[in-house]
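Here is a short tour for anyone who likes to know a model before computing with it. Have the viewer open and follow along.

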Amino acid sequence: MANSNSSDAAVPMTSQPHSAEIIENPLRTYLLGIIISICGNVLISISLNIQKYAHVRQSQRGSKPYYTSVMWWCGVALMGVGELGNFAAYGFAPASLIAPLGCVSVIASAIISVVFLKETLRASDIVGGTLAITGTYVLVNFAPHTTTHITAHLVQYYAISWHFLLYLLLEVLLFCILLYLYKRRNVKHIVIVILLVALLASLTVISVKAVSGMITESIKGQLQLIYPIFYVMLVVMIASCAFQIKFLNQAMKMFDATEVVPINFVFFTASAIVAGIVFYQEFEGLALLNIFMFLLGCLLSFLGVFLIARNRPKIKQQDPNFITMDKIPGSSHTDKVQPEAKTYGSLAAKLMCNRAGQTDDS
């Protein structure tokens, strides 16, 4: 279904330096942005699982920190490639359209856990995947299908608007409160950590779209790299991405990937949509039906994500240094002479598994 503003022709407004030229993206451009975003999210999902596996392996060895593992750095590199794909996708479509496609990473994570981690495929996985795909289809069709030429003057105008300044003030205050609880009060809750990631992601979305848009305009012939706002947004993009990866990596270390991925998807999507609405005014002129159906599509995707992650069993880890009593060399008479030893051995095994689980959760 087309948007209410999709029939508008290209309307250049150049009488003022901060005016925007509204353009309509052709279908080919939208498909390119969607395909790039889907590929990027699949790579991100793979990278998160690789990093989690590196954490598990290093915790079992207990010798070197995780950042000395080659596998962990491979996961980081894959995440960089995936984020680069998302960066390119923002140059072809609105942020409110690209961000919800992150549900692809959740579906891919569920597939990876079933195929490679040998987890059971549940009915909730099938239902959740169906809901997530349906929600993605709905929000893609009812998302705003118009965007603007992102120029340096337009970014400057958006950056000093009163609604964005108010939004930025509230975001900074909330980030400081959450950081205080996380660092000073030692509140290690997954919602707090992922909220820190989401608040940083909001700035990342704004800066990524600004940098990507100005680079696109420069390639087209209207040089935007000579304006200071381009480098301001570039610094914001790099800094927010770095701290976002830091907090997300801490969350992956403390919690299971099947918990981090869906919650991060919901919070990131919400923050990206709000950032697109507040900063880039992407919902301006959008019909109420389109807004309602877009939000319904997001809700279906959220519900599908949580169904996929609901009650997913965690990978049980056993201490590789533990040897049961009946496996000790030279103790073949254990079954006859020392039946209590096997009992104590099984109890010790349970205690060691519980201890390993507590260590992994901490």
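## Two serines in the first helix

Ser 45 is buried, at a relative accessible area of 1%. This serine belongs to helix α1, and beyond its sequence neighbours up to four places away it touches Ser 105, Ala 108, Ser 109 and Ile 112. Please keep in mind that the model is a predicted one.

Helix α1 also holds Ser 37. With a relative accessibility of 0%, Ser 37 counts as buried. Leaving out residues up to four places away in sequence, the partners of Ser 37 are Asn 86, Ala 89, Ile 98 and Leu 101.

## The overall picture

Stepping back, the protein contains 13 helices and two strands. It has 362 residues, and 46% of them are buried. Among contacts with a separation of 6 or more, 82% are between residues 24 or more positions apart.

## The second largest pocket

The second largest pocket encloses about 560 Å³ of space. Several elements give two or more residues to its lining: α1 (27–61), α2 (70–89), α8 (190–220), α9 (228–254) and α10 (257–278). Which of them gives the largest share of the lining? That is α2, with six residues.

In total, 28 residues line this pocket, and those nearest its centre are Ile 44, Glu 83, Asn 86, Gln 244 and Phe 268. Asn 86 is a residue you have already met, as a contact of Ser 37. Sorted by class, the lining has 18 nonpolar, nine polar and one charged residues. Domain 1 (25–148) and domain 2 (149–280) each supply at least three residues to the lining of the second largest pocket.

## The largest nonpolar core

In soluble globular proteins, nonpolar side chains tend to be buried together. Here, the largest nonpolar core has 72 residues, and the members that touch the most others are Val 155, Met 214, Met 233, Val 260 and Phe 279. Helix α8 provides the largest share of this core, 14 residues. The core lies between domain 1 (25–148) and domain 2 (149–280), because both of them give residues to it.

Met 214 is a good place to zoom in. Apart from neighbours within four places in sequence, Met 214 is in contact with Ile 150, Thr 151, Ala 152, Val 155, Gln 224, Ile 229 and Phe 230. Of these contacts, Val 155 is itself one of the core members that touch the most others.

## Ala 159 and a long-range partner

Ala 159 sits in helix α6, which covers residues 152–159. How is this alanine classed, buried or exposed? Its relative accessibility is 19%, so Ala 159 counts as buried, the cut-off being under 20%.

Ala 159 and Phe 279 are 120 residues apart along the chain, yet their C-alpha atoms are separated by 7.3 Å. Phe 279 is also among the residues Ala 159 touches, together with Phe 164 and Leu 165, when residues up to four places away in sequence are not counted.

## Around the ends of α7 and α8

Tyr 182 is in helix α7 (residues 162–183), and it is buried with a relative accessible area of 3%. Not counting residues up to four places away in sequence, Tyr 182 touches Val 187, Lys 188, Ile 192, Val 193, Leu 196, Phe 247, Gln 250 and Met 254. Its C-alpha is 7.5 Å from that of Val 193, eleven residues away in sequence.

Leu 225 is placed in the loop between α8 and α9. A relative accessible area of 31% makes Leu 225 partly exposed. Ile 215, Ser 218, Phe 230 and Tyr 231 are touched by Leu 225, leaving out residues up to four places away in sequence. From Leu 225 to Val 211, 14 residues apart in sequence, the C-alpha to C-alpha distance is 9.3 Å.

## Two positive phi angles

Most residues other than glycine have a negative phi. Asn 186, in the loop between α7 and α8, is not a glycine but has a positive phi of about 60°.

Gln 281 also has a positive phi, near 50°. The loop between α10 and α11 (288–309) is where Gln 281 is found, and at 26% relative accessibility this residue counts as partly exposed.

Technical notes:
Residues are numbered from 1 along each chain as its sequence is written. This is a predicted model: local features need pLDDT of at least 70, side-chain atom pairs count only at pLDDT 80 or more; totals for chains, interfaces and linings use all residues. Side-chain values use heavy atoms; hydrogens and water are left out. On a 1 Å grid over the protein atoms alone, a cavity is a set of points where a 1.4 Å probe fits but cannot get out, and a pocket is an open set with protein on both sides within 12 Å along at least five of seven lines; lining residues have an atom within 4 Å of a point. Grid points are joined across faces, edges and corners, and a volume is the space filled by probe spheres set on the points. Helices (H or I, at least four residues) and strands (E, at least two) are DSSP runs, numbered from the N terminus. Ala, Val, Leu, Ile, Met, Phe, Trp, Tyr, Cys and Pro count as nonpolar, Asp, Glu, Lys and Arg as charged, and the others, Gly among them, as polar. Domain bounds come from an automatic or database domain assignment. A nonpolar core is a set of buried Ala, Val, Leu, Ile, Met, Phe, Trp, Tyr and Cys residues joined through side-chain atoms within 4.5 Å. Buried means under 20% relative accessible area, exposed over 50%, partly exposed in between (1.4 Å probe, protein chains only). Contact means heavy atoms within 4.5 Å.
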